[in-house]
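Colleague: Please take a close look at the salt bridges of this model, setting out the residues that form them and how exposed each partner is. Please then place that account beside the interior and the surface of the chain.

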Amino acid sequence: MSNSTMVFGSTVRRAEKWRVYRIGTANSVYELEVQSESAEGARRCAVLTRVQPSASGTFEDSAPRIGSESLYAVSQVEWIGKRLAVGTACTSEIVSVDFVKNASGPSRGQSMVFGAPVPKAPEPAPKQREPSPWAAYPQGEVEMLEAAASVLQNVCHRRELLRDLEGDALLLKRYKLALAACGVMLEALEKRG
């Protein structure tokens with residue numbers, strides 16, 4: 001990937017919630033920040049930054065692609081095995097996708113530059129790793145399972161959810177794919193034990 005930045009710089013957009021994902025390919029790790037269109041009319045957008053082996057550019061795009069489809073039309077479960085295109089950057093096939101967090105705004109990019117090289121900034125001081133919200137292994141993994149069970153329990157108690165999803169085909173598809181992914185993970189864990 002070249003060392004370039006595509007940033008639209010909308011002040012409205014920065015107040016919106018973003019979903020942050022860690023994307024792995026065979027040779028690189030990226031951070032992908034995604035904001036879908038909101039009720040307030042903020043423009044949907046994606047920001048891609050390569051974080052490993054070294055940060056070499058930040059790319060922003062209002063029409064990112066996953067394979068041949070719009071990123072916004074495809075569940076993250078379906079990203080595996082496809083290439084991600086954001087701005088002028090295109091990754092190799094994705095091998096892993098992890099949801100990291102919701103954020104109040106994009107963490108990268110400040111100005112409007114289209115394909116221009118960005119001068120190399122001095123290396124920042126090493127960041128202190130934030131302490132994990134989980135206990136050390138193996139207790140932390142049990143806590144994660146307890147949190148996952150609590151989340152699933154909350155979803156399960158929303159008896160009207162399927163009825164409410166019927167009017168939104170994309171959201172219903174995402175629901176079914178997420179549920180299938182949960183089933184696969186539970187089956188894998190069950191086989192180990």
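Modeller: Counting a side-chain nitrogen of Lys or Arg within 4 Å of a carboxyl oxygen of Asp or Glu as a salt bridge, the total comes to seven salt bridges. The model is predicted, and every value below is computed from it. Three of the pairs are described here in turn.

In one of them, Arg-158 pairs with Glu-160 through their side chains, with an N to O distance of 2.9 Å. The two partners fall into separate exposure classes, for which the limits are under 20% relative accessible area for buried and over 50% for exposed. Arg-158 counts as exposed because its relative accessibility is 53%. Glu-160 has 26% relative accessibility and therefore counts as partly exposed.

Another pair joins the side chains of Arg-163 and Asp-164, and here the N to O distance is 3.2 Å. With 56% relative accessibility, Arg-163 counts as exposed, while Asp-164, at 48%, is partly exposed.

A further salt bridge links Lys-191 to Glu-187, with 3.3 Å between the closest N and O atoms. Both residues belong to helix H3 (residues 169–192), where they are four residues apart, or about one turn of the helix. Lys-191 counts as exposed because its relative accessibility reaches 66%. Glu-187, at 46%, counts as partly exposed.

The surface also has a nonpolar side. Leu-145, Leu-186 and Leu-189 make a nonpolar surface patch of about 280 Å². Of these, Leu-145 is found in helix H1 (residues 139–156), and its relative accessible area of 48% is why it is partly exposed.

The interior offers a counterpart to these surface features. In soluble globular proteins, nonpolar side chains tend to be buried together. In this model the largest nonpolar core has 18 residues, and those with the most contacts inside it are Ile-23, Leu-32, Leu-71, Trp-79 and Leu-84. At least two residues of this core come from each of strand E1 (18–25), strand E2 (29–35), strand E3 (45–52), strand E7 (84–86) and E9. The most is given by E2, with three residues. Leaving out residues up to four places away in sequence, Ile-23 touches Ser-28, Val-29, Tyr-30, Leu-32, Trp-79, Leu-84, Ile-94 and Ser-96.

A polar residue, Thr-91, can be read alongside Ile-23. Thr-91 sits in the loop between strand E8 (89–90) and strand E9 (94–103), and it is buried because its relative accessible area is 1%. Beyond its neighbours within four places in sequence, Thr-91 is in contact with Thr-25, Tyr-30, Leu-48, Arg-83 and Leu-84. Tyr-30 and Leu-84 thus appear in the contacts of Thr-91 and also among the residues that Ile-23 touches.

Ser-54 is another loop residue, found between E3 and strand E4 (58–61). Its relative accessibility of 41% means that Ser-54 counts as partly exposed. The C-alpha atom of Ser-54 is separated by 8.6 Å from that of Ser-28, although the two are 26 residues apart along the chain. Ser-28 is also one of the residues that Ile-23 touches.

To return to the request, the Arg or Lys partner is exposed in the pairs formed by Arg-158, Arg-163 and Lys-191. The acidic partners Glu-160, Asp-164 and Glu-187 are partly exposed.

Definitions and conventions: Residues numbered from 1 in each chain as written. Predicted model: local features only at pLDDT ≥ 70, side-chain atom pairs only at ≥ 80, totals over all residues. Heavy atoms only, no water. Buried < 20%, exposed > 50% of the residue type's maximum accessible area, 1.4 Å probe, protein only. Contact = heavy atoms within 4.5 Å. Core = buried A, V, L, I, M, F, W, Y, C linked by side-chain atoms within 4.5 Å. Patch = residues over 30% accessible without salt bridge, like charges linked within 9 Å, V, L, I, M, F, W, Y side chains within 5 Å. Areas by Shrake-Rupley, 256 points an atom, 1.4 Å probe, with all protein chains shown as cover.
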